[in-house]
Amino acid sequence: MSREQEVVQACPAELFIGGKWQPAEGGRTLAVEDPSTGTTLREVADASPADGLAALDAAVAAQAEWAATAPRERGEILRRTFELMTERADELALLMTLEMGKPVAESKAEIAYAAEFFRWFAEEAVRIEGGYQVAPNGKGRFLVMRQPVGPCLLITPWNFPAAMGARKIGPAVAAGCTMVIKPASQTPLSMLKLAELMTEAGLPAGVLNVITTSDSGGVMEPLIRDPRARKLSFTGSTPVGRKLIEQAAEQVLRTSMELGGNAPLLVFEDADLDKAVDGAMLAKMRNGGEACTAANRIYVHSSVMDTFAAKLTERMAALKVGRGTEDGVDVGPLIDAKQRDKVKDLVDDAIAQGARVLTGATIAEGNGYFYPPTVLAGVPKSARLQKEEIFGPVAPLTAFDTEDEAVAMANDTEFGLVSYLFTNDLTRALRVAERLETGMIGLNQGIVSNPAAPFGGVKQSGLGREGSTVGIDEYLELKYVAINLD
Ligand code: NAP
């Protein structure tokens, strides 16, 4: 058996409910594919709505005891999870690359990033504060406590199969919540493996329940409408998020929504262009462009456009595309044929509207869903990729002349997750940062993700924040006791 087969076969493939691995109702399974070859890696359990309800039953049954667990104990379980993930990073990264496609080095970076959420929330578990306050009339007192919100429903996408779950499980465990998590059907293995590892780290039965299914809507909607669920945290596309908010309205469920992005990246004439190119490469090419934080629109001052475009094109053209398990590969395949076709359509549309291809745009023959790193210049405002998430290795360049024009173009979207800003003028940096309508801004850097920072968007990019000291608040309710000392 090859190392790849060993790692895949060592991964659990059943549902994890109430601390037990079990097949789906009727023994149904769904196939998990390797996007670099299009072949099936493994069959995993394909949950039915009844399986989903069983998972919620288990989360509900475990809630009271889990909420009463000492915060230190919850923190220690998270800390051990961090340590186990760090020790087993090679195996976890290979598993992730096989199901998702990104190069192993990037998968390792994601495992490290995901593990950091467990370390961070291990530290936060013991810092859940309350308050005691004298009422303005001097007679009353307010005692404020923060308690776990209750059983949570967590739904995650395929692009970061471990980190998007870790950002939710970490704070939920720290806060004392139980949960049902549904990873994306295309990348369930990383989450199943994480559940196994958290059990080894000491997580009691029923706290984390994992449901894998090809029928996300059919399985999750009854849970979202079930009055026993108290919280929904979703990471994924804006259209699905919108639908889930509607479903959540029935029970007035608390929701956290990490939705789509359409990040602008602004390069001003006073920027350090080498730094700006480094930043653009990171903001564009992390995860092969399949990131909600990916620079989707690159606006460059017209006086530096030619130099910037030449430098970026040289870097993009030098990237090696291939199977993520091969040495020296920089860019893996896209997740599936549909995603590759979408990227191709967006590029074709931009070209039809006058964009010039500086590199890429031609799909090579062969298996797997590969798309070449592409740079487009002179992309008009009307091109579809200025409005829609590309989710692929395509950098569209558009020139601007004034700061006002740059800010207006940057804000001309219903999304508001992140923007990037390159300038060496401090006052401009602050002025523009205040005007950009996004939840996060990378100033002279192409990455904003950090477990210690509040990650999240405004406008249709979502509700709530993950990570930072505020991340745990999404899983806590405030309760206050009014006291009369008169
Ligand atoms: P998606 O289609 O919205 O799916 C996300 C998750 O929702 C998957 O687990 C999916 O299951 C599930 N799902 C789909 N329809 C559902 C329904 N009706 N009811 C319940 N669950 C449902 O998004 P994606 O294509 O996987 O991920 C890419 C999107 O995620 C992009 O828009 C990206 O910007 C966004 N994203 C945002 C962040 C952030 O932090 N803001 C981070 C990463 C990604 P199936 O796999 O079975 O379809």
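1. In this predicted model, the side chain of Ser 237 places a polar atom 2.6 Å from an oxygen atom of the ligand, and Ser 216 likewise has a polar side-chain atom, which lies 2.5 Å from a ligand oxygen atom. From the backbone, Gly 236 contributes a polar atom at 3.3 Å from an oxygen atom of the ligand.

2. As for burial, the ligand taken alone exposes 900 Å², and the protein buries 87% of that area. The space that the ligand takes is the largest pocket.

3. Several elements give two or more residues to the shell around the ligand, namely helix H6 (163-175), helix H8 (216-224), strand E10 (231-235) and helix H9 (238-249). At the level of domains, the shell draws at least three residues from domain 1 (3-260 + 461-481) and at least three from domain 2 (263-414 + 418-450).

4. The ligand is surrounded by 30 residues, of which Thr 156, Ser 216, Ser 237, Leu 259 and Glu 389 come nearest. By residue class, the shell comprises 15 nonpolar, 10 polar and 5 charged residues. Ser 216 and Ser 237, listed here among the nearest residues, are the two serines whose side-chain contacts with ligand oxygen atoms were described in the opening point.

Technical notes. Residues numbered from 1 in each chain as written. Predicted model: local features only at pLDDT ≥ 70, side-chain atom pairs only at ≥ 80, totals over all residues. Heavy atoms only, no water. Near = heavy atom within 4 Å. Polar contact = N/O pair within 3.5 Å; in protein donor to acceptor, adjacent residues only side chain to side chain. Areas by Shrake-Rupley, 256 points an atom, 1.4 Å probe, with all protein chains shown as cover. 1 Å grid on protein atoms, 1.4 Å probe; cavity = no way out; pocket = protein on both sides within 12 Å on 5 of 7 lines; lining within 4 Å. Sits in = over half its atoms within 2 Å of the grid points. Helix = DSSP H or I, 4+ residues; strand = E, 2+ residues; numbered from the N terminus. Nonpolar A, V, L, I, M, F, W, Y, C, P; charged D, E, K, R; others polar. Domains from an automatic or database assignment.
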